[in-house]
Amino acid sequence: MPAVIRMKSLFDRIRGPGRSSRMATASKTDAPEPGPQNRGDSARLRITEIFYSLQGESRSVGIPTVFVRLTGCPLRCGYCDTEYAFQGGEWMTIAEIVTRVAQERPRYVTVTGGEPLAQRSSIELLERLCDAGYEVSLETSGALDISGVDRRVSVVMDIKTPASGEETRNLYTNLAHIDANDQIKFVICDRTDYEWSRAKLAEFDIAGRCEILFSPVHGTLKPVELAGWILADRLPVRMQVQLHKLLWGDGPGH
Ligand code: SF4
């Protein structure tokens, strides 16, 4: 069976309610062992920062949001702007994280990284945040299994382009677990990346199934160029620029 048809069939088996009932299966990753992984509120995660800011990208751009940035990532994208999250951080229990988030009295919470799913207890953290009534999103590289992520979470999943240097890490089986509440993001460095991304939309038939985000790499590809390509091709995608970088530039806390 051709790979494209096989993927479409996987994608068509969109799950019924209850993503939370399926725990993530172990993915092949070179992520460092994050440490103790206990169950319940005493489970611990390594946290780089928790802060309140404006959502800088995705369909919630501009909305005040609490960000929980987990430490560590098994990838090394050439354009990474959060290398400070690769190491260090502070161990916090899920109870401590939820308490810290509550102090900001948010409606929206984004769990990001690094790569949050490199720490297995991130699955439980996401469930707890949903249970607390927040609108929760997860930013993930697309290289690790998302099948255990609570269905209430809006997954913002990258598909890594060639210029990222991590194209081979894309776990395309994840597409079977993406639904209309989720978002797929292509971070685009140049025309080659753009054409590759456009081809992936067709190959996996993903346009229209969920929000598709095309984002130029800040300082590498002029937004106006990407905008022109999208319009010329009439692509059904949302183009975005990183609002937080326009407002505050690079660095932690935004
Ligand atoms: S997946 Fe994200 S955090 Fe990890 S290296 Fe790539 S851009 Fe950086």
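This report walks through a predicted model, from its overall make-up to a few individual residues.

## Overall make-up

Let us start with the whole chain. The protein has 254 residues, and 39% of them are buried. Its secondary structure amounts to six helices and nine strands.

How much of the contact map comes from residues 24 or more positions apart? Taking the contacts with a separation of 6 or more, such pairs account for 73%.

## Around the ligand

The ligand is surrounded by Cys73, Leu75, Arg76, Cys77, Cys80, Thr82, Gly113, Gly114, Glu115 and Ser141. Sorted by class, this shell holds four nonpolar, four polar and two charged residues.

Two of the residues around the ligand, Gly113 and Gly114, deserve a second look at the backbone. The peptide bond that joins Gly113 and Gly114 is cis, with omega at about 10 degrees. Gly114 sits in the loop between β4 and α3, which leads us to the helix itself.

## Helix α3 and its surroundings

Helix α3 covers residues 122–131, and seven of its 10 residues are buried, so the rest of the structure largely encloses this helix. Those buried residues are Ser122, Ile123, Glu124, Leu125, Leu126, Arg128 and Leu129. What do they pack against? Their partners are the strands β1 (44–54), β2 (64–70), β4 (108–112) and β5 (135–140), together with helix α2 (94–103).

After α3 comes Gly133, which has a positive phi near 100 degrees. Gly133 belongs to the loop between α3 and β5. Is Gly133 buried or exposed? There are 8 other C-beta atoms within 10 Å of Gly133, and 12 or fewer makes a residue exposed, so Gly133 is exposed. Along the chain, Gly133 and Arg107 are 26 residues apart, while their C-alpha atoms are separated by 8.0 Å.

## How α2 meets α3

A pair of packed helices is described by the angle between the axes and the distance between them. For α2 and α3, the angle is about 40 degrees and the axes are 10 Å apart. Angles that are neither roughly parallel, roughly perpendicular nor roughly antiparallel count as oblique, and α2 and α3 are therefore oblique to each other. Their crossing is right-handed.

On the α2 side, the contact is made by Ile94, Ile97, Val98 and Val101, and on the α3 side by Glu124, Leu125, Arg128 and Leu129. By class, the residues of this contact comprise six nonpolar and two charged, with no polar ones.

## Two buried residues

Leu138 is part of strand β5. A residue is buried at 20 or more C-beta neighbours, and Leu138 has 26 other C-beta atoms within 10 Å, so Leu138 is buried. Setting aside residues up to four places away in sequence, Leu138 touches Val111, Pro116, Leu126, Val149, Val153, Val155 and Val156. One of these partners, Pro116, is 22 residues from Leu138 in sequence, with a C-alpha to C-alpha distance of 7.9 Å.

Val217 is found in the loop between β8 (211–216) and α5 (223–233). Val217 counts as buried because it has 20 C-beta neighbours inside 10 Å. Which residues does Val217 contact, leaving aside its neighbours within four places in sequence? They are Tyr79, Val187, Ile188 and Cys189. Val217 and Val241 are 24 residues apart along the chain, and their C-alpha atoms are separated by 8.5 Å.

## Positive phi outside glycine

Two residues other than glycine are worth a look for their phi values. Ser58, in the loop between β1 and β2, has a positive phi near 75 degrees. With 20 C-beta neighbours inside 10 Å, Ser58 counts as buried.

Arg234 has a positive phi too, near 50 degrees. Its place is in the loop between α5 and β9 (238–239). Why does Arg234 count as exposed? Arg234 has 6 other C-beta atoms within 10 Å, and a residue with 12 or fewer is exposed.

How values were computed:
Residues are numbered from 1 along each chain as its sequence is written. This is a predicted model: local features need pLDDT of at least 70, side-chain atom pairs count only at pLDDT 80 or more; totals for chains, interfaces and linings use all residues. A residue is near a molecule or strand if its C-beta atom, placed from the backbone, lies within 6 Å of it. Ala, Val, Leu, Ile, Met, Phe, Trp, Tyr, Cys and Pro count as nonpolar, Asp, Glu, Lys and Arg as charged, and the others, Gly among them, as polar. Helices (H or I, at least four residues) and strands (E, at least two) are DSSP runs, numbered from the N terminus. Two residues are in contact if their C-beta atoms, placed from the backbone, lie within 7 Å. Axes are lines fitted to C-alpha atoms, for helices over the stretch in contact, and angles run from 0 to 180 degrees between N-to-C directions. Angles under 35 degrees count as roughly parallel, over 145 as roughly antiparallel, 65 to 115 as roughly perpendicular and the rest as oblique. A crossing is left-handed if the near helix is turned anticlockwise from the far one by less than a right angle, and right-handed if clockwise.
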